[in-house]
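Trainee: I have a model open on my screen. Can you show me how to read it, feature by feature?

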Amino acid sequence: MSDIEWRDGTLPISKHFDDPYYSKEDGRAETAHVFITGNNLPQRWNKSEHFTIAELGFGTGLNFLETVYQWQALADVTARLNFISFEAFPLKAEDARTALSSWPELEILADCLLDFWHWDGTGLQIDFAPNIHLRVFEGDANQALPAQNLNADAWYLDGFSPAKNPELWNENLIHEVGRNTRTGGTFATYTSAGFVRRNLQAAGFEVSKVPGFGRKREMLAGIKHAT
Ligand SMILES: C[S@@+](CC[C@H](N)C(=O)[O-])C[C@H]1O[C@@H](n2cnc3c(N)ncnc32)[C@H](O)[C@@H]1O
């Protein structure tokens, strides 16, 4: 389980990685900007009957919940969302609850997720809504991802900062991200670190620097080209 300390009573910081789970400016707005807009999801959801999002670093579940919130507002009611994530150090339920309580609009969805918040080494597998499935693999993504064939439409790359959590951005793992993405699929991440950009290019993505969230000047987004 992850050991948390709180900044200003609301921002969770991992003691192990000495890094926050999301922006102190507004985690929810950061999710919307970096991952949802960064992957151009609202426009793409219009045209999808089935959409798979994969994520490195489930954390508090904020990215998942904000995605569900926007999906339910924007996608066709018959469309299906498959959300797959990887988490090596799950948060305690009370820490996830405290973190998510910053966003009252997400309260009903957060309560629903927290009802299933039982980590037993195998992760979470939840029919979150009739058309939304959540699977979180518990353990090091470096172990779990090579065994998958996800064919993801979009990736949220959300490890702690590459300087503090390099094992979630290494060349082999990013290669696995590329292999688990369909041609034309995309990724987005809040970082613009040079070695992350190079690893993503080597993994088959055309990478762009785009404006980051809040005080971050740049972030990375990209699309997987045909091989
Ligand atoms: C920045 S936080 C993710 C925030 C999250 N997406 C959210 O919505 O709250 C990074 C997450 O990556 C997880 N992590 C770090 N190293 C990992 C690894 N090797 N495999 C899987 N998860 C890892 C951490 O435990 C943490 O939960």
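Mentor: We will go through the sheets, the helices, the core, the ligand shell and two glycines. Keep in mind that this is a predicted model.

Trainee: Start with the bigger picture. In what order do the eight strands of the open sheet run?

Mentor: Read a sheet by listing its strands from one edge to the other. Here the order is β6-β7-β5-β4-β8-β9-β11-β10, and the pairing is mixed. The edges are β6 (124-129) and β10 (205-211). Each has a single partner strand, so one side of each is left without a neighbour in the sheet. Direction ignored, neighbouring strands are turned by 20° against each other on average.

Trainee: Mixed pairing needs examples. In which sense do β4 and β8 pair?

Mentor: Follow the chain direction in both strands. β4 (residues 50-56) and β8 (residues 152-157) pair in the parallel sense, over four bridges. One pair to locate is Ile53 with its bridge partner Ala154 in β8. β4 also runs parallel to β5, and seven bridges join them. There, His50 has Arg80 of β5 as its bridge partner. Now check burial: six of the seven residues of β4 are buried.

Trainee: And where do I find an antiparallel pair?

Mentor: Go to β10 and β11 (residues 218-224), which run antiparallel and are joined by seven bridges. Phe205 stands opposite Lys224 in β11. The two strands form a hairpin with six residues between them. In that hairpin, Gly214 takes a positive phi near 60°.

Trainee: There is another sheet. How many strands does the open sheet β1-β2-β3 have?

Mentor: Three, with antiparallel pairing. Apply the edge rule again. β1 (4-7) and β3 (19-20) each have a single partner strand, so one side of each is left without a neighbour in the sheet. Two bridges join β2 (residues 11-14) to β3. In one of the pairs, Ile13 has Pro20 of β3 as its bridge partner.

Trainee: Now the helices. Which strands does α3 lie across?

Mentor: For a helix on a sheet, ask what it crosses and at what angle. α3 lies across β4, β5, β6, β7 (132-138) and β8. Against β5, α3 runs at about 170°.

Trainee: How many residues of α1 are buried?

Mentor: Eight of the 11 residues in α1 (residues 27-37) are buried, so call this helix mostly covered. Among them are Glu30, His33, Val34 and Phe35. Then ask what they touch. The buried residues of α1 pack against α2 (41-45), α3, β8, β9 (181-189) and β11.

Trainee: Which residues of α7 are buried?

Mentor: In α7 (residues 171-179), look at Leu173, Ile174, Glu176, Val177 and Gly178. The buried residues of this helix pack against α6, β8, β9, α8 (194-202), β10 and β11.

Trainee: What should I look for in a core?

Mentor: In soluble globular proteins, nonpolar side chains tend to be buried together. Here the largest nonpolar core has 59 residues. Those with the most contacts inside it are Ile53, Leu65, Ala141, Trp155, Phe187 and Leu200. You met Ile53 as the bridge partner of Ala154. Take Leu65 next, leaving aside its neighbours within four places in sequence. Leu65 is then in contact with Leu100, Leu106, Leu109, Ala110 and Leu113.

Trainee: On to the ligand. How many residues surround the ligand, and which are the closest?

Mentor: List the shell, then sort it. There are 23 residues around the ligand, the closest being Gly57, Gly59, Thr60, Leu62 and Ala88. The elements giving two or more residues to this shell are α3 (62-74), β5 (80-87) and α6 (141-144). By type, the shell has 10 nonpolar, nine polar and four charged residues.

Trainee: Last, the glycines. Why does Gly212 count as buried?

Mentor: Count C-beta neighbours; 20 or more within 10 Å means buried. Gly212 has 20 inside 10 Å, so it counts as buried. Gly212 is found in the loop between β10 and β11. Beyond four places in sequence, its contacts are Tyr190, Arg217, Glu218 and Met219.

Trainee: Where does Gly222 lie, and what is it in contact with?

Mentor: Gly222 lies in β11. Gly222 is buried, with 26 other C-beta atoms within 10 Å. Leaving aside neighbours within four places in sequence, its contacts include Thr186, Phe187, Leu200 and Phe205. Phe187 and Leu200 also appeared among the core residues with the most contacts.

Note on methods: Residues numbered from 1 in each chain as written. Predicted model: local features only at pLDDT ≥ 70, side-chain atom pairs only at ≥ 80, totals over all residues. Near = placed C-beta within 6 Å. Nonpolar A, V, L, I, M, F, W, Y, C, P; charged D, E, K, R; others polar. Pairing = 2+ DSSP bridges. Axes fitted to C-alpha atoms, helices over the stretch in contact; angles between N-to-C directions. Contact = placed C-beta atoms within 7 Å. Buried ≥ 20, exposed ≤ 12 C-beta atoms within 10 Å, placed from the backbone. Core = buried A, V, L, I, M, F, W, Y, C linked by C-beta atoms within 7 Å.
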